[in-house]
Amino acid sequence: ARHLTTITLNAAIDKTYFVPELVPGKANRASRTIAQAGGKGINAARVAHSLGEPVVATGFVAGLNGQMIRSGLTQEGISHQFVEAAGESRTCLNLLNEATGESLEILESGLQIGEADCARLIEQVKLLAESSSVIVMSGSIPSGGGSDIYQRLIDAVKEFQVPVILDTSGDSLLSGIQASPFMIKPNKEESARLTSDVIQGGADDEERLHQTIRHLAQAKQIPCIAVSLGEKGALVGYQGKLYSVSAAKVQAVNPVGSGDSFVAGFAVSLHRGYDIVQALKLASACGASNSLHSAAGVVMPDEVASFIEEIEVREIASL
Ligand code: TA6
């Protein structure tokens, strides 16, 4: 049977500190803390696992933190096949201000990797691609990885005809889209940046956003473009149509990981053979469910089911 694969190049120990109020220049005491295996792909793997689907997490880990990431995933029952690198996997901090509900993230830049590491990972990913239904590639790149690593990974799995979802930003997204992944999930600013050479206008301009999605679909040959709009949901281009996806109304406890959960919901939908409307509902519902939980990448199937009833997907235009 096929499984989902997630790639986290820069896996992390995610530490969340719940702070009653966050005051700069003061000693702020945490009321509680959570430490767990994290990084965007790992969060997506956790969500797919919670929805009952088989998933294998890969990427780079290193050192004692790397051991903790592996043993944490094993304890959670999530299969993993990471490539060991030198040094130490990073810690990412999320300081959650309980008074405002706002989070302040501090993300380490992470591992230092070299060409030999990249070559080993590409081989590992090719092995997993043979039995994968979908591959999710998420997050920042460790230094030394080269901004073209996603492009190389996507090219390496082309022969297996497995859809790739690429969730990253900056130069690695710019380079990754050259290999035409199946899906990307930029936010408004990132999507504007991707097309700034051909499309003028402000990032807030609605017509510009439509043009951006059209350009990415046609000139860059990306079948599915989901532009995340935060509380406003998402705008999605797929097979010549533009869809608007609503976000469920929630009182968020911790929004960190909601983007990863959206991606996971979409990946699970591809694995299950859902149509685009079902897929976008599941994706948005996973994002909403995640925000109700203290830890990142956590969704509850019963919450997801009830959010699916509430979320609307409308076809608003042709591309
Ligand atoms: O989206 C949340 C999150 O996955 C955190 O778990 C944290 O580890 C971070 O993102 C890493 O992001 P980055 O883009 O640096 O890979």
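**Group meeting: helix packing and selected residues in a predicted model**

Q161 is exposed, because its relative accessible area is 71%, above the 50% cut-off. This is a predicted model, so please keep that in mind throughout. Q161 sits in the loop between helix 4 (149–157) and strand 10. Its phi is near 50 degrees, a positive value in a residue that is not glycine. For background, most residues other than glycine have a negative phi.

Q239 is a second case. It has a positive phi of about 45 degrees and is not a glycine either. Where is Q239? It lies in the loop between strand 13 and strand 14 (241–245). With a relative accessible area of 63%, Q239 is exposed.

Next to Q239 in the numbering is Y238, at the end of strand 13 (residues 234–238), and that brings me to the aromatic rings. How many aromatic pairs are there? The count comes to one. The rings belong to F182 and Y238; their centres are 6.3 Å apart and their planes stand at 65 degrees, so the pair is edge-to-face. The two partners come from distant parts of the chain, 56 residues apart. F182 is in the loop between helix 5 (170–176) and strand 11 (183–184), while Y238 belongs to strand 13. Is Y238 buried or exposed? It counts as buried, because its relative accessibility of 17% falls under the 20% cut-off.

Now the helix pairs. I have three of them.

Start with helix 1 (residues 40–50) and helix 8 (residues 258–272). They pack at an angle of about 50 degrees, and their axes are 8 Å apart. That makes helix 1 oblique to helix 8. The crossing of helix 1 past helix 8 is right-handed. Which residues make the contact? On the helix 1 side they are K40, N43, A44, V47 and A48, and on the helix 8 side D260, S261, A264 and V268. By class, the residues of this contact are five nonpolar, two polar and two charged.

Two residues from that contact, K40 and D260, also turn up around D167. D167 is in strand 10 (residues 164–167). It is buried, with a relative accessible area of 6%. What does D167 touch, apart from residues within four places in sequence? Its contacts are K40, M137, S138, G139, K185, G259, D260 and V263.

The second pair is helix 3 with helix 4. Their axes come within 9 Å and cross at roughly 35 degrees. Helix 3 passes helix 4 in a right-handed crossing. From helix 3, the residues involved are E115, C118, L121, I122, V125, K126 and A129; from helix 4 they are I149, R152, L153, A156 and V157. Sorted by class, that contact has nine nonpolar residues, three charged and no polar.

Ahead of helix 3 in the chain is a loop that begins after strand 8 (103–107), and S109 is in that loop. S109 is exposed, at a relative accessible area of 56%. Setting aside residues up to four places away in sequence, S109 touches N10, R90 and P142. For a sense of distance, take R46: S109 and R46 are 63 residues apart along the chain, and their C-alpha atoms are separated by 23 Å.

The third pair is helix 9 (residues 276–291) with helix 10 (residues 301–310). Here the angle is about 125 degrees and the axes are 8 Å apart. That makes helix 9 oblique to helix 10. Once more the crossing is right-handed, helix 9 past helix 10. K281, L282, A285, C286, A288 and S289 of helix 9 meet E303, V304, F307 and I308 of helix 10. The contact divides into seven nonpolar residues, one polar and two charged.

Last, L194, which belongs to helix 6 (residues 188–194). Is L194 buried or exposed? It is buried, with a relative accessible area of 7%. Leaving out neighbours within four places in sequence, L194 is in contact with L173, L174, I177, I184 and L216. V56, by comparison, is 138 residues from L194 in sequence and 30 Å away in space, C-alpha to C-alpha.

Conventions: Residues numbered from 1 in each chain as written. Predicted model: local features only at pLDDT ≥ 70, side-chain atom pairs only at ≥ 80, totals over all residues. Heavy atoms only, no water. Axes fitted to C-alpha atoms, helices over the stretch in contact; angles between N-to-C directions. Helix = DSSP H or I, 4+ residues; strand = E, 2+ residues; numbered from the N terminus. Parallel < 35°, antiparallel > 145°, perpendicular 65-115°, else oblique. Left-handed = near helix turned anticlockwise from the far one by under 90°. Contact = heavy atoms within 4.5 Å. Nonpolar A, V, L, I, M, F, W, Y, C, P; charged D, E, K, R; others polar. Buried < 20%, exposed > 50% of the residue type's maximum accessible area, 1.4 Å probe, protein only. Phe/Tyr/Trp six-rings, centres within 6.5 Å; stacked < 30°, edge-to-face > 60°.
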